[in-house]
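Please look through the sequence and the model below, and then follow the explanation residue by residue.

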Amino acid sequence: SWLPLLLNAYAVMDEGVAKDIKKQEKLGKKLACKRGCSNCCQTHRDIPVYPIEIVGIYWYVIEKIKQPLRSKIKASLINHKKGSSCPFLINSACSIYQIRPLACRQFNVFGKPCGEGEDPFYTRPEDILKPEEHYLGKALFETAPFYGVYDEKDRIEFINSGRLNSLVKSLLNYPWIELARRME
């Protein structure tokens, strides 16, 4: 029952981000992010992940990832140190791309590709996509039933009150070793 909620949230975010990227491209900006670029996965140290996303990552890795990628992810999770690069970054690519967190979905850079070790959020914030609408709020609205909040008005209050944000974990500091154990 949780998976459609998560997939709907991702669809809301992806649609909104795509719309905003097209608007920026019409203004002459060129998206720098490309397949194979993994700089943000290596430099960002504070990637928020919601509980429903953690459940989604567990499900995806356990149920959908096949060998040999499965063994590589497991080894990465076992060897992951808190605060280091994303443990799902395998061979410079996101191994959970289809179910990557909302934070990853909305981070896009325009202009030149990021330099090695560069975090453009700090070095050139003008090149970071700034959503015109609050897609994150709309996406989180879709996930509220996962947390036992069903009524529309209650969902909005739940998101705006900060109660949901109090449940957020850090992707890079999460104890992923438990996922590695469950991959047996």
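In this predicted model, Glu 178 is partly exposed, with a relative accessible area of 29%. The side chain of Glu 178 meets that of Arg 182 in a salt bridge, with a nitrogen-to-oxygen distance of 3.2 Å. Both residues belong to helix H9, which covers residues 177-182, and because they are four residues apart there, about one helical turn separates them. As a general point, side chains of opposite charge can pair when their charged atoms come close.

How many salt bridges does a search of the whole structure find? The search finds seven. One that can be followed by eye joins the side chains of Asp 14 and Arg 105, where nitrogen and oxygen are 2.7 Å apart. This pair links distant parts of the chain, since Asp 14 sits in helix H1 (residues 2-26) and Arg 105 in helix H5 (residues 102-106), with their positions 91 residues apart. The two partners can also be described by their accessibility: Asp 14 has a relative accessibility of 30% and therefore counts as partly exposed, while Arg 105, at 5%, counts as buried.

Another salt bridge brings together the side chains of Glu 157 and Arg 163, at 3.0 Å from nitrogen to oxygen. Here Glu 157 is partly exposed, with a relative accessible area of 40%, and Arg 163 counts as partly exposed as well, at 41% relative accessibility. Salt bridges can also join into a network, and in this model Glu 118, Arg 124 and Asp 127 are linked in that way.

From these pairs we can turn to Arg 70, which lies in helix H4, the run of residues 69-79. Is Arg 70 buried or exposed? Its relative accessibility is 15%, so Arg 70 counts as buried, the limit for that word being under 20%. When neighbours within four places in sequence are set aside, Arg 70 is in contact with Val 61, Ile 62, Ile 65 and Met 183. With Ile 62 there is also a polar link, for the side chain of Arg 70 reaches the backbone oxygen of Ile 62 at 3.1 Å. By contrast with these contacts, Lys 22 is 35 Å from Arg 70 in space, from C-alpha to C-alpha, and the two residues are 48 apart in sequence.

The loop between helix H3 (51-64) and helix H4 contains Pro 68, and the backbone deserves attention at this point. The peptide bond that runs from Gln 67 to Pro 68 is cis, with an omega near 0 degrees. For comparison, most peptide bonds are trans, and most residues other than glycine have a negative phi.

The second half of that general statement helps with another loop, the one between strand E2 (89-90) and strand E3 (93-94), where Asn 91 is found. Although Asn 91 is not a glycine, its phi is positive, at about 55 degrees. Ser 92 is found in the loop between E2 and E3 too, and the phi of Ser 92 is likewise positive in a residue other than glycine, with a value near 60 degrees. As for accessibility, Asn 91 is exposed, because its relative accessible area is 62% and the word applies to values over 50%. Ser 92, at 41% relative accessibility, counts as partly exposed.

The cysteines raise a further matter. A disulfide is a covalent bond between the sulfur atoms of two cysteines. How many disulfides does the count come to? The count comes to zero, and Cys 86 shows the reasoning: its sulfur is 5.9 Å from the closest cysteine sulfur, that of Cys 41, which is too far for a bond, because a disulfide requires sulfur atoms within 2.5 Å. Cys 114 is likewise in no disulfide, as the nearest cysteine sulfur, in Cys 37, is 5.6 Å away. Cys 86 is buried, with a relative accessible area of 13%, whereas Cys 114 counts as partly exposed at 22% relative accessibility.

A last stop is Thr 143, which lies in helix H7, covering residues 135-143. With a relative accessibility of 2%, Thr 143 counts as buried. Leaving out residues up to four places away in sequence, Thr 143 touches Leu 5, Ala 9 and Ile 52.

Methods
Residues numbered from 1 in each chain as written. Predicted model: local features only at pLDDT ≥ 70, side-chain atom pairs only at ≥ 80, totals over all residues. Heavy atoms only, no water. Helix = DSSP H or I, 4+ residues; strand = E, 2+ residues; numbered from the N terminus. Buried < 20%, exposed > 50% of the residue type's maximum accessible area, 1.4 Å probe, protein only. Contact = heavy atoms within 4.5 Å. Polar contact = N/O pair within 3.5 Å; in protein donor to acceptor, adjacent residues only side chain to side chain. Salt bridge = Lys/Arg side-chain N within 4 Å of Asp/Glu carboxyl O.
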